[in-house]
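Please examine the sequence and the model shown below. The paragraphs that follow lead through its covalent links, its charged pairs and some local details of its backbone.

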Amino acid sequence: MRAPVSRSNTPLFRLFSLVACLFLLLAAGCSTQSGTQGSSLRSEDGTVRKPLQDKESGESLDNLKTFRGLFSARKGGGVLTLCGSGNELKVQDRTEGGLEAVVREFAPSPGDVFFVELLGRRVVRPPHDRTQGAFPVPPEVQLTDAVVFEAIHASFVMESLGCREQYSTFSFKARGNEPGWMVLAEPGRMSFNTMDLAQPLLFRNVERTGDNDNAEYRADGMTLTVTRGWCRDTMSGELFGWTAEAEVDGTVYRGCAVRGDL
C-alpha cells in the first residue's frame, strides 16, 4: 500500500505557509513603524523636548513662533498681552504642565501678571467665541488665539527688561553673576563685557555651529556655548531657557542665555 501523503508536504500547502509568513512579517514591520510616530525628543539627560507632533492635531511642531508679552492666568489657559502692539491673545495651553508651573511661581495670586516667552502658533478662534475682553466683535473681524507648546523664558515684571529687551539685535544674549558679565552673539560677531571693562571686547569672524537649541560660537580668543535647558539667574530669579558658558582668554564664565531674533 502507498503511504498516505501528509498535507504539510504538498506544494499547495507549502505555498500557503510561505504567503502566511510573509504577511506576518509585513504586519510586524508596520506595527513597529506606527509605534514611533508622535514620539518625543529627549536630551541626553532624558529631559523631554517639544514633541515631534502635536498630540491633538498630529501636526509637526517645527518652526514655532515666539510669543513675548505679559501673561495673566485665566480659566482654561490665560491671556497674553503682546510686547509692542499691546494686542491680547487668548492662550491655549498645551505645554503639559510647563506653563502651569511657571504661573505658580511668577503669578501666585489672582490678577498677577509676569513677563513670559512662549513657543506656539496662531490659530483662528472658533466661531462661537466672538468676544475680545468684555466686548463682542463683528463677524467680519477674524480673531486669532495662541496655541502654546513650551515656555522658554519667565520673570517678574520689575526684575528684568522683559518687553524692553531689544531681541532684534542679537541671536543669543548670555549673562552671569559674580562677577557680572554679558555676551551678545550676532551673525559673524560677538561682544563680551564685564563691570571691570571700560568698553566691551569685540570679536569678529565668529563661526557658529549647532542649531537654535544648542549652539557654539567660536572666535579667536573666545567661545560661547549655549545649551537648551532651564537656567535661573541667581540674583533676580529670572528663568531662562538656555544655560551658557563663555571662555574668554582662558577664563570660563557660566550663566544663562536668552534667544533673540537674528
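Which residue forms a disulfide with Cys231? The partner is Cys256, and the sulfur atoms of the two residues are 2.0 Å apart. A disulfide is taken here as a pair of cysteine sulfur atoms within 2.5 Å. The model is a predicted one, in which local features need pLDDT of at least 70 and side-chain atom pairs count only at pLDDT 80 or more, whereas totals for chains, interfaces and linings use all residues. Residues are numbered from 1 along each chain as its sequence is written, and side-chain values use heavy atoms, with hydrogens and water left out.

The torsion about the S-S bond of Cys231 and Cys256 is about -70 degrees, so this disulfide is left-handed. Cys231 belongs to strand S16 and Cys256 to strand S18 (residues 251-259), so the pair ties together parts that are 25 residues apart in sequence. Helices (H or I, at least four residues) and strands (E, at least two) are DSSP runs, numbered from the N terminus. Both Cys231 and Cys256 are buried; the term buried means under 20% relative accessible area, exposed means over 50%, and partly exposed lies in between (1.4 Å probe, protein chains only).

The structure holds two disulfides. The other link joins Cys83 to Cys163, with an S to S distance of 1.9 Å, and it is left-handed, with -70 degrees about the S-S bond. Cys83 is located in the loop between strand S4 (77-82) and strand S5 (88-93), and Cys163 in the loop between S9 and S10, so this pair ties together parts that are 80 residues apart in sequence. Cys83 is partly exposed at a relative accessible area of 24%, and Cys163 also counts as partly exposed, at 36% relative accessibility. With bonded cysteines counted along the chain, the disulfides follow the pattern 1-2, 3-4.

The charged side chains supply a further set of contacts. A salt bridge is a side-chain nitrogen of Lys or Arg within 4 Å of a carboxyl oxygen of Asp or Glu, and by this rule the count comes to 11. In one of them, the side chains of Arg228 and Glu150 meet at 2.9 Å, N to O. Arg228 is part of strand S16 (residues 222-232) and Glu150 part of strand S9 (residues 144-155), so the pair ties together parts that are 78 residues apart in sequence. Both Arg228 and Glu150 are buried.

Strand S16 thus carries Arg228 as well as Cys231. The loop that follows, between S16 and strand S17, supplies another charged residue, Glu238. The side chain of Glu238 forms a salt bridge with that of Arg175, at 2.8 Å from N to O. This pair links distant parts of the chain, with Arg175 in strand S10 (residues 172-176), 63 residues apart from Glu238. Glu238 is buried, with a relative accessible area of 4%, whereas Arg175 is partly exposed at 27%. In addition, salt bridges that share partners join Arg68, Glu117 and Asp261 into one network.

Lys173 forms a salt bridge with Glu165, the closest N and O atoms being 3.0 Å apart. Lys173 is buried at a relative accessible area of 13%, and Glu165 is buried at 16%.

Attention may now turn to the backbone. The peptide bond from Glu178 to Pro179 is cis, with omega near 0 degrees. Pro179 is placed in the loop between S10 and strand S11 (181-186).

Further along the chain, strand S12 (residues 189-194) and strand S13 (residues 201-204) pair in the antiparallel sense over four bridges; two strands pair if DSSP finds at least two bridges between them. S12 and S13 form a hairpin with six residues between them, and Ser191 stands opposite Leu202 in S13.

Asn205 lies in the loop between S13 and strand S14 (207-210). Although Asn205 is not a glycine, it has a positive phi of about 55 degrees. Asn205 is exposed, with a relative accessible area of 71%. Asp249, in the loop between S17 and S18, also has a positive phi, near 50 degrees, in a residue other than glycine. At 62% relative accessibility, Asp249 counts as exposed.
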